[in-house]
Amino acid sequence: MPASAAEHTWGVQRLRIRPQGALRGRVRVAGAKNSALKLMAAAVMARGTTVLHNVPRITDVECMSDLLRSMGLEVAWADGSTLHIHRPDLIVPEAPYELVERMRASIVVLGPLLAVENRARVALPGGDDFGPRPIDMHLRALEELGGTFVAAHGYVEGTTDGLVGTRILLEFPSVGATENAMMAGVLAKGTTTIENAAREPEIADIAAFLSAMGANISGAGTSTITIEGVSELEPAEHTVIPDRIEAATWLASVGIAGGDIEIAGARADHMDMVLAKLTEMGMEIVPTDGPEPGLIVHAPDRLHAVDSVATLPYPGVATDYKPLLVAMLSTADGVSIVTENLFAGRFRYIDELVRMGADIRTEGHHAVVRGRERLSGAPVRAPDIRAGAALVVAALRAEGETVVAGADHIARGYEDFVGKLTSLGAGVDILD
Ligand code: UD1
């Protein structure tokens, strides 16, 4: 992906969508945002230069780069998608408010810093558009490893005399808490087990990187992760797994507009449950072999509804897919019920879809979606990354023009969003 293409979408406020019928062509997914950010945080744990390939050129990665730089690391792009991160001997183990506020995922530096520096000071993330997102499970896991935390002046400060391996039982398979505990556990003395661990593919990717750095981890990607602590990590080179949420975005686009596309780089084995749902809706999705995996996708003129979709921790349908699924179901034939089990506030974009003529009724954490033949183009606002993308793809089946404001959210998580959609024949352009 040419860097300039990503850069020219940064800072974009509004996108205009004018439906142009079925999509055709080939699109390549970038590296997974939710893995790359954590791999960058893990680089803090090894003195020297880490090399990460297939890093997406998105604003969240720039934000994590700024955070690492503020701690004293050097971060530089080597080419389009390879990032070099150099950690000197001395760093400042602190994540300032200005950066944590920009990106909540910054909290993932807490475990690595505590493990390698024996102290960490990280601004407390506030609530965001998904409602309050506490970090109690992160802190409890790190306390069990021997960290002590105090909260003062909007920061959480952690110290330790040296982390010691233990059994950690998470009360919920939180992705972030699993990552913080796993990264801290690799430098803790003795054995750490994390039970009820999150099983997302990104966790296994982080574990693969940590292992390349010299960590001794087994079971990542299952509910029980076992770690034998080591005293030091070496910098390593690693290729980020493809972004399954981005892949789902192109699936949703063709699902809504109809057509035939190829999604290069997508890994079907990371998307089993959502692919099953899309097949139920009438899409034909064939994984391809070869040096680079991918998906060949055919979507009929109109999808049909599914009885129910519920978001669950992996391997269930990810909460991040949900705005895309709701957008698809709002133009599908029939009635569907969508249930959110992870984040209370993740129905906010529904008001925007309703402004586009969607027939959606929410009750608690359920949404009843009655499919309409077409939506109606309208000015709307993107509330977050995935919901922003969902509004754009919903507009591919609307009468007339839709303008999505707040499109900067989309650039936080998508590399060259407009360029990729346009290459599939979608009528999307940047207004300002
Ligand atoms: C990550 C992903 C996000 C995805 C989510 C679930 C990144 C940067 N973000 O977020 O895109 O939607 O996984 O797949 O990787 N919770 C607590 N206490 C805690 C931690 C979490 O109550 O200490 C709650 C949260 O409020 C939420 C649920 O647990 O309701 C799931 O959160 P979690 O799995 O931790 O998600 P994140 O790691 O924040």
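A polar contact is a pair of N or O atoms within 3.5 Å, where, within protein, one atom must be able to donate a hydrogen and the other to accept it. The exercises below use this rule on a predicted model.

**Exercise 1. Ser65 and its surroundings**

Task: Find which backbone oxygen the side chain of Ser65 reaches, and decide whether Ser65 is buried or exposed.

Solution:
- Step one is to place the residue, and Ser65 belongs to helix H3, which covers residues 59–70.
- Next comes the polar partner: the side chain of Ser65 comes to 2.8 Å from the backbone oxygen of Val61, and this separation can be held against the limit of 3.5 Å for a polar contact.
- For the accessibility, Ser65 has a relative accessible area of 1% and is therefore buried, since buried means under 20%.
- Finally, when neighbours within four places in sequence are left aside, Ser65 is in contact with Met40 and Val75.

**Exercise 2. A covered helix and a loop proline**

Task: State how many residues of helix H5 are buried, and then describe where Pro173 is placed and which residues Pro173 touches.

Solution:
- Helix H5 spans residues 110–117, and it is mostly covered, with 8 of its 8 residues buried.
- Among these buried residues of H5 are Leu110, Leu113, Leu114 and Val116, and the list also includes Glu117.
- Just after H5, the backbone at Asn118 takes a positive phi of about 65 degrees.
- Turning to Pro173, this residue is found in the loop between strand E10 (167–169) and helix H7 (175–185).
- Pro173 counts as buried because its relative accessibility is 17%.
- Not counting residues up to four places away in sequence, Pro173 touches Asn196, Ala197, Ala198 and Pro313.

**Exercise 3. Salt bridges and their settings**

Task: For the pairs Arg267 with Asp269, Lys277 with Glu280, and Glu340 with Lys322, give the closest N and O separation and describe the setting of the partners.

Solution:
- As background, side chains of opposite charge can pair when their charged atoms come close.
- The structure as a whole holds 27 salt bridges.
- In the pair of Arg267 and Asp269, the closest N and O atoms are 2.7 Å apart; Arg267 is partly exposed at a relative accessible area of 30%, and Asp269 is likewise partly exposed, at 43%.
- Lys277 and Glu280 form a salt bridge in which the closest N and O atoms are 3.6 Å apart, and because they are 3 residues apart in helix H10 (residues 272–280), about one helical turn separates them.
- Within that pair, Lys277 is buried with a relative accessible area of 18%, whereas Glu280 counts as partly exposed at 41%.
- The salt bridge between Glu340 and Lys322 has its closest N and O atoms 2.7 Å apart.
- Glu340 lies in the loop between strand E19 (335–339) and helix H12 (349–355), while Lys322 lies in helix H11 (residues 322–329), so this pair ties together parts that are 18 residues apart in sequence.
- Glu340 is buried at a relative accessible area of 3%, and Lys322 is buried at 0%.
- Beyond single pairs, Arg16, Arg18, Glu401 and Asp429 are joined into one network by salt bridges that share partners.

**Exercise 4. The interface of the two domains**

Task: Describe how domain 1 and domain 2 meet, giving the area buried between them and the elements that domain 1 brings to the contact.

Solution:
- The chain is divided into domain 1 (6–30 + 242–430) and domain 2 (33–239), and their C-alpha centres lie 30 Å apart.
- Counting contacts, 28 residues of domain 1 are in contact with 23 residues of domain 2.
- The buried area between the domains is about 2100 Å², of which carbon and sulfur atoms give 52%.
- Across this interface the rule finds 2 salt bridges, and there are 7 residue pairs in polar contact, both residues being at pLDDT 80 or more.
- On the side of domain 1 that touches domain 2, the elements giving two or more residues are helix H1 (3–9), helix H13 (385–394) and helix H14 (408–413).
- Of these, H14 supplies the largest share, 3 residues.
- By residue class, this side of domain 1 divides into 14 nonpolar, 3 polar and 11 charged residues.

Technical notes
Residues are numbered from 1 along each chain as its sequence is written. This is a predicted model: local features need pLDDT of at least 70, side-chain atom pairs count only at pLDDT 80 or more; totals for chains, interfaces and linings use all residues. Side-chain values use heavy atoms; hydrogens and water are left out. Domain bounds come from an automatic or database domain assignment. Contact means heavy atoms within 4.5 Å. Buried area is the accessible area (1.4 Å probe) that two parts lose on being put together, summed over both. A salt bridge is a side-chain nitrogen of Lys or Arg within 4 Å of a carboxyl oxygen of Asp or Glu. Helices (H or I, at least four residues) and strands (E, at least two) are DSSP runs, numbered from the N terminus. Ala, Val, Leu, Ile, Met, Phe, Trp, Tyr, Cys and Pro count as nonpolar, Asp, Glu, Lys and Arg as charged, and the others, Gly among them, as polar. Buried means under 20% relative accessible area, exposed over 50%, partly exposed in between (1.4 Å probe, protein chains only).
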